[in-house]
Amino acid sequence: MSVSDPKTIDAMTVSGGQLVMLISDHLRWDGYQAEHLSMLQDKLNTYIRYIDSGGYKEKYSGADISSFVIDVVFLHPFDIGFVRMVELVRPELDKRNITIKYRISNSRKESAK
């Protein structure tokens, strides 16, 4: 599962009252920024719809979940267009207690040494 599979949740867990959901992005940005952003937007929309629909309540029926984190882990350095997209939707996500975090995978840093 990864960003290239827009209809699935890559991974999720509950931690400290938060539902933490992972998006794994292994794709390069070189020459494909528009397509890559479109894939990320589709994947993020899938996650947001899942949260909005309460789909997680079946899996985590006993959990007290008050906020949501979508953690996007990139294998390659991300494009500034992604950061701009996140900033654009942040006010709407804040209303839903959804935070989008993003980072470059530690394994990439370790394998580059």
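This is a short tour of a predicted model, moving from the sheet to two of the helices that pack on it.

Before selecting anything, note that residues are numbered from 1 along each chain as its sequence is written. In this predicted model, local features need pLDDT of at least 70 and side-chain atom pairs count only at pLDDT 80 or more, while totals for chains, interfaces and linings use all residues, and side-chain values use heavy atoms, leaving out hydrogens and water.

**The sheet**

Begin with the open sheet, whose four strands stand in the order β1-β2-β3-β4 with mixed pairing; strands (E, at least two residues) and helices (H or I, at least four) are DSSP runs numbered from the N terminus, and two strands pair if DSSP finds at least two bridges between them. Select 11-15 and then 98-104 to see the edge strands, β1 and β4, each of which pairs on one side only. From one strand to the next, the twist averages 20°, with axes taken as lines fitted to C-alpha atoms, for helices over the stretch in contact, and angles running from 0 to 180 degrees between N-to-C directions.

Next select residues 18-25 and 67-74, which are β2 and β3, two parallel strands joined by eight bridges. One place to look is V20, whose bridge partner in β3 is V69.

**Helix α1 and T46**

Now add residues 33-53, helix α1, which packs on the sheet and touches β1, β2, β3 and β4 (contact means heavy atoms within 4.5 Å), its direction making about 160° with that of β2. Within α1, select T46, which counts as buried because its relative accessibility is 11%, where buried means under 20% relative accessible area, exposed over 50%, and partly exposed in between (1.4 Å probe, protein chains only). Leaving aside residues up to four places away in sequence, T46 touches P6, K7, T8 and I9, and a polar atom of the T46 side chain lies 2.5 Å from the backbone oxygen of P6.

**Helix α3**

Finish with residues 80-95, helix α3, which also packs on the sheet, where α3 touches β3 and β4 and makes about 160° with the direction of β4. The buried residues of α3 are G81, F82, V83, M85, V86 and L93, and these buried residues pack against α1, β3 and β4. At the N-terminal end of α3, select D79, which caps the helix with a side-chain oxygen 2.7 Å from the backbone nitrogen of G81. Just after α3, N97 takes a positive phi of about 60°.

Notes. Polar contact = N/O pair within 3.5 Å; in protein donor to acceptor, adjacent residues only side chain to side chain.
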